[in-house]
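User: I am new to reading protein models. Please go through this one with me and explain the terms as they come up.

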Amino acid sequence: MTGHRKWFSSLNPASTKEYITFGDNGQGTKWVLKNKQGENGMVVRNKARLVAQGFCQKEGIDYDETFAPVARLEAIRILIAFAASKGFKLQQMDVKSAFLNGFIEKEVYVRQPLGFESVDFQTGKALYGLKQAPRAWYARLKSFLLKSGFVMSSVDKTLFLLSRGGDTLIDIYVDDIVFGGSSHALVSSFAEQMSREFEMSLMGELLFFLGLLIQQGPEGTFVHQAKYTRDILKKFEMGDSKPMTTPMSTNMALDADEDGEAVDQKEFRGMIGSLLTSHHQAVKRIFRFLKFTPKLGLWYSSGSSFSLRGFSDADHAGCRIDRKSTSGTCQLLGTSLVSWSSHKQASVALSTTEAEYVAAASCCSRLLWMKTTLSDFGLRFGRIPLLVDSTSAISVAKNSVLHSSTKHIDVRFHFLRDHYKKGDIDLVHVVSANQLADIFTKPLEFDAFTRLRGGVEFKDP
């Protein structure tokens with residue numbers, strides 16, 4: 001019961017308003033027990049948390065707004081790349097029972113948990129499980145940071161920046177709080193402020209975050225998922241499988257196999273959820289590739305320039321079932337890969353030119369988001385190079401006349417042409433052999449796969 005009592009000690013009985021009261025007619029509660037693991041997979045702490053059964057809440061009666069912003073993974077990679085290029089280490093802090101620091105606006109009643117009949121608390125703190133709890137905690141954290149002199153990003157509402165005397169402090173909130181700055185004094189001052197305002201359960205150099213293992217050094221930062229790879233290989237009993245050198249065979253066609261053997265739907269969906277992909281044999285091939293390269297990760301060099309560029313490519317009619325094309329894009333800061341995508345296009349492209357044009361439009365939208373985000377870091381860019389290996393797609397983007405071969409393309413994709421005319425991007429031709437986005441569109445042979453993988457600094461430590 002030690003974990004349970006530690007949790008109750010984080011509640012302050014002398015809270016300002018009696019918003020949450022234990023009673024007989026309120027929301028149910030239950031204990032959630034968890035072993036928190038460190039970067040090496042060892043249990044570092046046993047956690048007990050009282051969670052309200054928020055599924056019983058009624059909108060408009062128990063809560064109004066529930067949305068709370070969450071940082072994009074691209075924003076985290078941008079911060080890692082920025083910190084590596086500026087030569088400072090990122091720090092991490094975990095606020096103990098973070099949601100309990102938020103205050104809810106509506107009166108909510110909860111029933112006592114089993115085993116604590118004699119405990120009676122009255123508090124204004126938001127319990128975990130309540131639908132408005134994440135929003136309440138974010139509002140509390142945001143208010144504190146703004147009062148401390150931080151400025152919120154114009155694009156990413158989880159990114160806060162503080163400039164003082166030429167030094168910069170950057171703070172981003174996802175689950176834990178990641179922060180870093182060019183001045184050790186500024187970083188220490190912020191850590192002390194947070195410790196005075198909130199109770200901390202973890203603070204130190206960023207090592208393990210959202211399943212990512214992060215190794216920071218003077219030459220750069222290496223990010224990988226070796227622990228997650230070991231966990232999923234063990235979960236699906238593929239730890240002893242034969243390793244493969246590429247994630248997918250160039251001879252494998254992902255057709256509809258109506259005469260194929262039935263597979264365990266629960267296992268298959270679990271594997272898809274772990275890898276965001278489909279087709280059972282293809283998924284197993286990816287797991288065997290992960291067995292071959294368990295520590296493969298992204299390298300963010302401290303010596304890399306901070307120029308922004310993008311690559312886009314398409315595999316025309318690559319899907320054997322509905323003949324839709326696959327778009328592949330990647331965005332780099334210098335040599336550091338910070339964003340990428342690989343997805344099937346929403347409609348059938350009538351030509352390779354159309355497929356490449358649609359892929360380039362997708363890449364353009366990501367580059368514009370990154371450009372705006374990086375402006376909050378004090379970085380300014382002129383025309384951003386967007387490298388495409390299709391001269392015909394580039395010609396369509398640069399031609400303001402909608403002739404017969406392009407008038408059927410959805411109007412929303414023509415914003416690529418609009419931003420080229422505005423001077424936001426510069427469409428540049430690249431030979432197919434150097435098209436880095438090709439790795440995100442289709443299976444490749446080992447030599448080509450390894451060469452392109454190295455081009456985006458995706459390597460073993």
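User: Over which residues does pLDDT stay under 50?

Analyst: This is a predicted model, where local features need pLDDT of at least 70, side-chain atom pairs count only at pLDDT 80 or more, and totals for chains, interfaces and linings use all residues. Residues are numbered from 1 along each chain as its sequence is written, and side-chain values use heavy atoms, with hydrogens and water left out. pLDDT is the predictor's confidence in each residue, from 0 to 100. It stays under 50 over residues 13-20. The model has 27 contacts (heavy atoms within 4.5 Å) beyond four places in sequence for that stretch. Where pLDDT is low, the predicted coordinates should not be read in detail.

User: What is the mean pLDDT of the protein?

Analyst: The mean is 83, and 84% of the residues reach 70 or more. Among the elements, strand β6 has the lowest mean, 48, and strand β19 the highest, 97. Helices (H or I, at least four residues) and strands (E, at least two) are DSSP runs, numbered from the N terminus.

User: Why is the aromatic pair of F99 and Y128 called stacked?

Analyst: Rings of Phe, Tyr and Trp (its six-membered ring) pair if their centres lie within 6.5 Å; planes under 30 degrees apart count as stacked, over 60 as edge-to-face and the rest as tilted. For F99 and Y128, the centres are 4.5 Å apart and the planes differ by 15 degrees. Both values fit, so the pair is stacked. F99 lies in the loop between β4 and β5, and Y128 in the loop between β6 and α3, so the pair ties together parts 29 residues apart in sequence.

User: How do you know whether F99 is buried or exposed?

Analyst: Compare its relative accessible area with the cut-offs: buried means under 20%, exposed over 50%, partly exposed in between (1.4 Å probe, protein chains only). F99 has 16%, so F99 is buried. Y128, at 11%, is buried too.

User: What makes F144 and F198 an edge-to-face pair?

Analyst: Their centres are 5.6 Å apart, and the angle between the planes is 75 degrees. That angle is over 60, so the pair is edge-to-face. F144 lies in helix α3 and F198 in the loop between α4 and β11, so the pair ties together parts 54 residues apart in sequence. F198 is buried, with a relative accessible area of 3%.

User: Why does R49 count as lying over the face of Y128?

Analyst: A charge sits over a ring if NZ of Lys or CZ of Arg is within 6 Å of the ring centre and within 35 degrees of the ring normal. R49 is at 3.8 Å from the ring centre of Y128 and lies over its face.

User: How do you know that E74 and R366 form a salt bridge?

Analyst: A salt bridge is a side-chain nitrogen of Lys or Arg within 4 Å of a carboxyl oxygen of Asp or Glu. The closest N and O atoms of E74 and R366 are 3.2 Å apart, so the pair qualifies. E74 lies in helix α2 and R366 in helix α8, so the bridge ties together parts 292 residues apart in sequence. R72, E74 and R366 are linked in a network of salt bridges.

User: Why is K89 called partly exposed?

Analyst: Its relative accessible area is 43%, which falls between the two cut-offs, so K89 is partly exposed. K89 meets E205 in a salt bridge (3.8 Å, N to O). E205 is also partly exposed, at 31%.
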